[in-house]
Amino acid sequence: MLILGIESSCDETAASVVEDGRRVLSNVVASQVEEHRLYGGVVPEIAGRRHAEAISGVVRRALEEAGVTLADVDGIAVTYAPGLIGALLVGVSFAKGLALSTDKPLIPVHHLRSHIASNYLAYPDLKPPFLCLVVSGGHSHIVKVDSYTHFEVVGRTRDDAAGECYDKAARAMGMPYPGGVALDRLAEEGDPHAFTLPRPRVEGSRYDFSFSGLKTAVLNRLHNAAQKGEEVNKADLCASFRRTVTEMLVENTMLAAEDLGAHTIVLAGGVAANAGLRRGMQAACAERGYELYLPPLSLCGDNGAMVAAQGYYELLAGNTAGADLNAVASLPITADNR
């Protein structure tokens, strides 16, 4: 079964053709990073316009590289939530037009579900149930994946997402967008124990995260040093910051795994590319004898292949939509996928 996946939730216009939810036949991504770098972050209005300009060509290339036509496709999957509403609307509108004109099933896909599904493309033996840490610029969730289409949120951030915290700390240190990537690279050169940073806990919740206080602590250290005319070793601060975030993410995930009896752990989302987090998860899982699945770096960011992969399982479950499908800016991963 061939699924065409379309992704436009933020600043990547992407399309892919995937066979049976596991085999990638094409994966085309048009990035807007260079343009948004001029503004230090994603500008929603610009993102929406660039999606509208690129989407037709991106989908055409995805079909051509896969060596198929729309007539060969069994379903059209599209990210409909969550994300930037203007950006989502471009992908949803385009997918609806394709589905209507070709009489193909329209498959709505939740963005976080598709990030989890990116691991299915890299690991043919991976099947639910498992516990997944989904970490990105907008989300930090510990998700119990009971089946391909049934999810339970075990833990989540109560304020900033880990990726957002990375980007804001990096911006404060004068790093270019995307800041999280730059911070991760510089952290490789620093001492992770040079600075002691707070590790907020959420009272009454064993698995939830709170990163806002950590971000504020970094900003305060930079401001205090500037007021005193002192230089802050940015490599050391980056390394200490990364160690703190990694320990918070890993410890809560391991705690949830122990309590739930989960022995298969999966990492997903844009921050899954973070070198410190990958090493931290590998060490923690090896210590406990857990099986760990890490997505390849090429599938950590937003892409159409992950949408097509999850779309395959949504179609098998009968989760399709009609012409009334709309984009949704914010939606839980547990919501009905339609």
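Search the whole structure and you find one cavity of 30 Å³ or more. Here a cavity is a set of points, on a 1 Å grid over the protein atoms alone, where a 1.4 Å probe fits but cannot get out, while a pocket is an open set with protein on both sides within 12 Å along at least five of seven lines; lining residues have an atom within 4 Å of a point. Grid points are joined across faces, edges and corners, and a volume is the space filled by probe spheres set on the points.

Before going on, a word on the source: this is a predicted model, where local features need pLDDT of at least 70 and side-chain atom pairs count only at pLDDT 80 or more, though totals for chains, interfaces and linings use all residues. Residues are numbered from 1 along each chain as its sequence is written, and side-chain values use heavy atoms, with hydrogens and water left out.

**Cavity and pocket**

The largest cavity has a volume of about 60 Å³. Its lining is made of Arg199, Pro200, Arg201, Val202, Asp208, Phe209, Ser210, Met248, Glu251 and Asn252. By class, that lining divides into four nonpolar, two polar and four charged residues. For the classes, Ala, Val, Leu, Ile, Met, Phe, Trp, Tyr, Cys and Pro count as nonpolar, Asp, Glu, Lys and Arg as charged, and the others, Gly among them, as polar.

The second largest pocket comes in at about 210 Å³. It is lined by 13 residues, and the closest to its centre are Arg242, Arg243, Thr246, Gly276 and Gly280. Two elements give two or more residues to this lining, α8 (234-260) and α9 (275-288). Helices (H or I, at least four residues) and strands (E, at least two) are DSSP runs, numbered from the N terminus. The largest share of the pocket lining, seven residues, comes from α8. Sorted by class, the pocket lining has four nonpolar, four polar and five charged residues.

**Around Arg158**

Arg158 sits in the loop between β8 (150-156) and α5 (162-172). Is Arg158 buried or exposed? Neither, quite: at 47% relative accessibility, Arg158 counts as partly exposed. The scale is simple: buried means under 20% relative accessible area, exposed over 50%, and partly exposed in between (1.4 Å probe, protein chains only). Leaving out residues up to four places away in sequence, Arg158 touches Val202, Ser205, Asp208 and Phe209, where contact means heavy atoms within 4.5 Å. Val202, Asp208 and Phe209 also appear in the lining of the largest cavity. Arg158 and Phe211 are 53 residues apart along the chain, and their C-alpha atoms are separated by 8.2 Å.

**Strand β1**

All six of the six residues of strand β1 (residues 2-7) are buried, so the strand is largely enclosed by the rest of the structure. In a regular strand the side chains alternate between the two faces of the sheet. In β1, Leu2, Leu4 and Ile6 point one way, and Ile3, Gly5 and Glu7 the other way.

Two strands pair if DSSP finds at least two bridges between them. The partners of β1 look like this:

| Partner of β1 | Sense | Bridges | Example |
|---|---|---|---|
| β2 (residues 12-19) | antiparallel | six | Leu2 with Glu19 |
| β4 (residues 75-81) | parallel | four | Ile6 opposite Val78 |

The link from β1 to β2 is a hairpin through four residues.

**Aromatic pairs**

Rings of Phe, Tyr and Trp (its six-membered ring) pair if their centres lie within 6.5 Å; planes under 30 degrees apart count as stacked, over 60 as edge-to-face and the rest as tilted. That rule gives eight aromatic pairs. In one of them, the rings of Tyr120 and Tyr313 have centres 5.6 Å apart and planes at 70 degrees, so the pair is edge-to-face. The pair links distant parts of the chain, with Tyr120 in helix α4 (residues 111-122) and Tyr313 in helix α10 (residues 304-316), 193 residues apart. Tyr313 also forms an edge-to-face pair with Tyr312, at 4.9 Å centre to centre and 80 degrees between the planes. Tyr120 is buried at 1% relative accessible area, and Tyr313 is buried at 9%. One aromatic cluster takes in Tyr120, Phe130, Tyr148, Tyr312 and Tyr313.

**Leu126**

Leu126 lies in the loop between α4 and β6 (130-135), and it is buried, with a relative accessible area of 2%. Beyond its neighbours within four places in sequence, Leu126 is in contact with residues including Tyr120, Tyr148 and Tyr293.
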